[in-house]
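Please look through the model shown below, and then read the short report that follows, which moves from the whole chain to a single residue.

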Amino acid sequence: MVTKCNITSFDLSKILEENSENIDDKPWNLHELTVPQLINEQQQTRIQKKNLRKILRDFEEQFLQQTGRRVLKEERMPMESEYLEYKQVKAKLKLLDALLSKHDASIP
């Protein structure tokens, strides 16, 4: 049974607008970046991940307050794009960490 959640006291659109400028539109191949570029990209990606996690946490807390229970996967539909973006940002950060550790290992 899927329950619809109508969050009215919480303005998600304002939060999303504030964080939309953090979206990474750079068509770079991360494997071709220099170490300083990788570090910069890593810092920006960490900030983006932190902001997305805050948005998702706020949504989940609001849902918990309204329904008295945690959000089920089926009930994440209003925030589906944010959950997907968060997953992609986590994967990008993992790749950046691996590339930086690879460069660290190659320095004698």
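The surface is a good place to begin: in this predicted model, the protein chain exposes about 7,900 Å², and carbon and sulfur atoms supply 53% of that area. Of the 108 residues in the protein chain, 30% count as buried.

As for its secondary structure, the protein chain has three helices and zero strands, and read from the N terminus on, its elements follow the order α-α-α. When contacts in the protein chain between residues at least 6 apart in sequence are considered, 77% of them join residues at least 24 apart.

Two of the helices can be described as a pair. Helix α2, which covers residues 35–67, and helix α3, which covers residues 80–106, pack at an angle of about 150 degrees, with their axes 9 Å apart. Because angles over 145 degrees count as roughly antiparallel, α2 is roughly antiparallel to α3. The crossing of the two helices, α2 and α3, is left-handed. The residues of their contact divide by character as the table shows.

| Residue class in the contact of α2 with α3 | Number of residues |
|---|---|
| Nonpolar | 13 residues |
| Polar | four residues |
| Charged | ten residues |

A single residue of helix α2 can now be examined, namely Q42. Is Q42 buried or exposed? Its relative accessibility is 10%, and since buried means under 20%, Q42 counts as buried. Leaving aside neighbours within four places in sequence, Q42 is in contact with L93, L96, D97 and L100.

Methods
Residues are numbered from 1 along each chain as its sequence is written. This is a predicted model: local features need pLDDT of at least 70, side-chain atom pairs count only at pLDDT 80 or more; totals for chains, interfaces and linings use all residues. Side-chain values use heavy atoms; hydrogens and water are left out. Axes are lines fitted to C-alpha atoms, for helices over the stretch in contact, and angles run from 0 to 180 degrees between N-to-C directions. Helices (H or I, at least four residues) and strands (E, at least two) are DSSP runs, numbered from the N terminus. Angles under 35 degrees count as roughly parallel, over 145 as roughly antiparallel, 65 to 115 as roughly perpendicular and the rest as oblique. A crossing is left-handed if the near helix is turned anticlockwise from the far one by less than a right angle, and right-handed if clockwise. Ala, Val, Leu, Ile, Met, Phe, Trp, Tyr, Cys and Pro count as nonpolar, Asp, Glu, Lys and Arg as charged, and the others, Gly among them, as polar. Buried means under 20% relative accessible area, exposed over 50%, partly exposed in between (1.4 Å probe, protein chains only). Contact means heavy atoms within 4.5 Å. Accessible areas come from the Shrake-Rupley method with a 1.4 Å probe; for residues, only the protein chains shown count as cover.
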